[in-house]
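Good morning, and thank you for coming. I shall present one structure today, going from the contact between chains to details within one chain.

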Amino acid sequence: MRPLVTFVCLLLTLSQARADSILIRNADLYSGNGVSPATDILVRNGTIVAVGPGLDIPADVTIFEAKGKSITAGLFNSSTQLGVVEVGAIAATNDYSSDNERFTAALKVADAVNPSSTLIPQNRIHGLTHALVMPRTKVGIFAGQAAIIQLGTEGSTVVNDSVAVVVELGEAAAKRVGGSRAIALAILREALDDARDYRDNREEVLKGNRRDYALSLADLSALDPVITGDKPLIVTVHRASDISAVLALGATYQLKLILSGATEGWRVADAIAAAGVPVIVNVANNLPKSYETLGARLDNAARLDAAGVTVLLMGMNRDQTHNAYLVRQAAGNAVANGMAKSAAIAAMTSNPARVFGLQGAGDIAVGSAANLVVWGGDPLELTSEAELVLINGRNIPLVSRSTQLRDRYFQRLQKD
Amino acid sequence: MGLIRTYWATALLVTLLVGCSAETPSSKKTVSYPDKNPFPSTYSATQQSPFVIRAVNVLTGTGEQREAVDVLVVEGKISSIGEALNVPGKTIEVDGKGKWLTPGLIDVHSHMGVYPSPQTSNHSDVNEATSPVTARVWAEHSVWPQDPAFEKAIAGGITTFQVLPGSANLIGGRGVTLKNVPSVTVQGMKFPGAPYSLKMACGENPKRVYGAKLVTPSTRMGNMAGYRAAWIKAQKYSDDWNQYLEKSATDEDLLPPERDLELETLKGVLDGEIRIHNHCYKADEMAQMIDMSREFGYEIAAFHHAIEAYKLAPLLAENNICAVMWADWWGFKQEAFDMVRENIAMVDYAQACAVIHSDDPLQIQRLNQEVAKAMSAGNRMGLDIKPAQAIRWLTLNPAKSLGLDDKIGSIESGKNADLVLWDGPPLSVYSHATQVWIDGVLRFDKTRPGVRPTSDFNVGILVPGENRP
């Protein structure tokens with residue numbers, strides 16, 4: 001039995017085939033718009049230049065035959081700490097949170113992203129091409145500024161170093177700020193008021209002629225694009241009443257909100273939809289793990305989607321970062337619990353690209369960057385593996401530290 | 001229900017014996033070892049009419065797939081499997097056409113009940129982290145039978161699960177095997193006749209927890225010294241009791257050794273009655289635990305969270321030790337850094353006993369998906385693992401690790417009728433368990449809210465009567 005040899009040969013063939021131009025043939029194309037069976041996709045110089053059935057075969061392209069397989073845009077997980085954690089329990093490798101009180105909203109997680117993290121190849125080879133990197137709150141309510149990374153093999157992985165400011169409310173925040181969720185809201189209002197005051201009186205403030213602020217000037221500057229509505233405020237919150245309070249605050253301050261978690265979002269889905277607020281959903285969470293998630297249920301994503309909310313997906317329960325690519329399993333479970341397949345696929349491709357303003361990502365369209373994954377079968381089945389991963393048209397070698405360990409030990413096992 | 005009858009007969013005998021000795025204190029001394037089952041199971045399955053699931057596709061749990069066969073259940077046992085079965089009168093017909101049947105799923109690593117939802121400190125009863133060796137504690141005494149996680153797990157096909165103490169301690173205490181049935185008491189969930197287990201933990205957790213308190217162990221060598229000291233005491237205790245039991249029949253003045261709950265449990269391991277379930281991530285540490293088991297003469301049933309099992313799978317096979325693994329979790333600590341998605345497939349390839357587990361009240365709801373991922377990783381590597389083979393990781397192999405493979409884990413005549421009917425292929429992400437039977441009793445029916453348990457905790461929460469998936 002020599003399966004490994006065959007597999008290694010396959011890998012070599014693919015890596016050697018890396019080229020500027022590739023024609024993927026006969027793939028069932030899945031997107032937010034539905035399915036286009038047996039479709040060809042031509043990629044040149046990192047860009048999709050043609051999409052359709054039966055494309056002509058140019059002489060200079062590498063052909064990837066995908067008959068009976070499927071293709072999606074590269075996966076996008078909207079809640080990770082990719083690049084800012086290596087080993088969870090080793091604090092020195094964790095850069096997603098800080099207990100420094102002077103820099104909260106000002107913490108830019110992008111500054112700490114490590115493109116050489118072993119987590120990046122491990123996620124990339126399973127089809128994850130983009131991720132939102134979220135800071136987490138340790139003191140106060142603000143976690144900092146989220147980044148978007150692309151999991152490519154060359155150049156900087158950070159494609160937006162400050163895509164949103166993240167704030168955590170609800171039970172966890174209440175505990176941090178003195179015991180009541182009401183105080184957390186009061187702190188948020190004060191911060192937004194102060195940011196506005198600082199914006200309107202910057203010179204006086206710098207001369208020392210203005211009242212003191214609770215937050216540092218660095219934090220208030222970070223909040224400036226939030227109060228102008230230019231940059232989203234991502235709010236982690238779960239209980240229906242907390243969500244309603246956040247929506248009301250968002251309306252008052254005219255914020256561009258994104259909700260994260262929103263375990264009881266289904267209970268106020270219409271209000272979320274009416275406010276035009278996207279929601280980052282944890283599909284698997286259906287237990288009353290705390291008193292703010294008593295209404296947890298498996299069809300939260302489906303119900304939010306049905307109400308007209310733009311749904312974004314995170315990965316599976318305890319495993320949000322090291323296996324961020326499992327956002328695909330989350331999408332499968334969303335479908336198993338009532339969400340349309342095209343909606344679930346959009347929730348991990350085109351929706352986050354649109355919400356986070358990532359031009360040319362998340363779609364399979366002429367002119368888009370070629371971030372594509374060919375799957376061995378149905379794109380959401382766990383028995384379908386990523387067989388071809390293109391990031392900006394570059395054919396990613398399907399190798400990670402984990403696959404190398406596997407090969408080392410499987411060879412030994414085969415000799416035994 | 002021979003099993004239950006035998007069990008009750010034993011329990012009754014024990015009760016009578018205890019009663020006798022209590023009433024006649026001054027007469028001839030009764031030579032006896034302390035009751036080994038002081039918290040007996042009160043579980044019983046109400047007898048149901050026979051039923052037959054017709055024309056269903058079956059993954060038997062023994063490695064076989066059978067298509068469009070009938071499965072007949074009589075008095076809580078699987079009676080027969082075959083085509084167009086003749087069935088007794090009054091047999092209820094269940095249409096299985098186009099559906100799939102698997103054995104009831106088994107999770108050998110759960111903290112449901114002892115670390116329940118809501119995860120508040122009042123109910124967090126999983127780690128007795130006050131001393132590194134707490135063989136004296138029993139997980140069942142921490143189980144809250146109203147944990148709302150149980151009902152979610154049965155919706156995912158889980159019929160049997162082992163509740164273990166946490167891994168803060170070198171020796172954390174006894175685990176207990178429960179049936180996933182609603183009950184006011186934990187005794188009502190206890191799997192009759194199931195052997196007890198003892199939770200041990202290698203590696204980072206014990207040395208971190210106690211190192212932080214500046215007491216031993218603070219290193220891995222401290223861990224080993226701690227286990228060995230405990231086994232040395234246990235051997236002496238065991239010898240003392242054995243000598244007492246041997247000699248006290250003839251020597252009326254001989255006093256029994258002082259009873260010690262800690263050592264009583266460890267003696268149970270040395271006697272082969274209590275099974276070792278050992279949290280142990282790393283290959284090097286597993287090998288040391290195996291040597292230590294030889295040093296003191298006991299067996300290890302399973303290594304849990306065995307991230308590195310693929311590095312020494314042949315040794316596990318040789319020693320008949322199950323590796324209990326996740327499909328893909330990694331990186332949350334250093335000892336989980338060397339994860340390969342092919343771990344389960346490689347252990348299986350080496351013909352060792354491969355088991356999948358959750359250790360998580362969300363993941364326990366979809367262990368079929370975890371099997372799908374582990375199988376797919378193996379096949380991607382070049383193996384040819386079929387669902388019929390892979391489902392063993394979640395059925396017969398975990399049953400073996402619990403010492404219950406004569407009762408559960410496969411669809412074979414004579415076994416307990418723990419069955420899961422699926423509306424599609426069991427390893428598909430789109431499939432749901434639609435009906436779940438335990439000992440032939442329908443305990444979950446997705447289509448009939450009346451046959452779906454809900455815990456007291458959920459009653460009147462948010463919308464009264466609402467059954468949330």
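**The contact between chains A and B**

Between chain A and chain B there are three salt bridges. Please keep in mind throughout that this is a predicted model. One salt bridge joins the side chains of B:R341 and A:E385, at 3.0 Å from N to O. Beyond the salt bridges, 28 residue pairs are in polar contact between chain A and chain B, with both residues at pLDDT 80 or more.

Which elements of chain A give two or more residues to the side that touches chain B? They are the helices α1 (3-16), α2 (119-124), α10 (327-336) and α13 (401-415), together with the strand β15 (386-391). Of these, α13(A) provides the largest share, eight residues. Sorted by class, the residues on this side of chain A are 30 nonpolar, 19 polar and 16 charged.

How many residues does each chain bring to the contact? Chain A contributes 65 residues and chain B contributes 55 residues. Together the two chains bury about 5,300 Å² between them, and 60% of that area lies on carbon and sulfur atoms.

**Two helices of chain B**

I turn now to chain B itself. Helix α4 (residues 220-247) and helix α5 (residues 261-270) of chain B pack with their axes 9 Å apart, at an angle of about 85 degrees. Angles of 65 to 115 degrees count as roughly perpendicular, and α4(B) and α5(B) are therefore roughly perpendicular to each other. On the α4(B) side, the residues making the contact include B:W231, B:Y237 and B:W241. On the α5(B) side, they include B:L263, B:L266 and B:L270. By class, this contact has nine nonpolar, three polar and three charged residues.

**A salt bridge within chain B**

Over all chains, the count comes to 45 salt bridges. One within chain B brings together the side chains of B:D70 and B:R54, at 2.6 Å from N to O. This pair links distant parts of the chain: B:D70 belongs to strand β2 (residues 65-74), B:R54 belongs to strand β1 (residues 51-59), and the two residues are 16 residues apart.

**Backbone details in the loops of chain B**

As background, most peptide bonds are trans, and most residues other than glycine have a negative phi. Where, then, are the cis bonds that I wish to show you? The bond from B:S117 to B:P118 is cis, with omega near -10 degrees. B:P118 is placed in the loop between β6 (105-110) and α2 (149-155) of chain B. The bond from B:T216 to B:P217 is also cis, with omega near 0 degrees, and B:P217 lies in the loop between α3 (204-211) and α4 of chain B.

Finally, is the phi of B:E75 positive or negative? The value is positive, near 50 degrees, in a residue other than glycine. B:E75 is found in the loop between β2 and β3 (77-82) of chain B.

Thank you for your attention.

How values were computed
Residues are numbered from 1 along each chain as its sequence is written. Chains are lettered from A and ligands numbered from 1 in the order in which they are written. This is a predicted model: local features need pLDDT of at least 70, side-chain atom pairs count only at pLDDT 80 or more; totals for chains, interfaces and linings use all residues. Side-chain values use heavy atoms; hydrogens and water are left out. Axes are lines fitted to C-alpha atoms, for helices over the stretch in contact, and angles run from 0 to 180 degrees between N-to-C directions. Helices (H or I, at least four residues) and strands (E, at least two) are DSSP runs, numbered from the N terminus. Angles under 35 degrees count as roughly parallel, over 145 as roughly antiparallel, 65 to 115 as roughly perpendicular and the rest as oblique. Contact means heavy atoms within 4.5 Å. Ala, Val, Leu, Ile, Met, Phe, Trp, Tyr, Cys and Pro count as nonpolar, Asp, Glu, Lys and Arg as charged, and the others, Gly among them, as polar. Buried area is the accessible area (1.4 Å probe) that two parts lose on being put together, summed over both. A salt bridge is a side-chain nitrogen of Lys or Arg within 4 Å of a carboxyl oxygen of Asp or Glu. A polar contact is a pair of N or O atoms within 3.5 Å; within protein, one must be able to donate a hydrogen and the other to accept it, and residues adjacent in sequence count only if both atoms are side-chain atoms.
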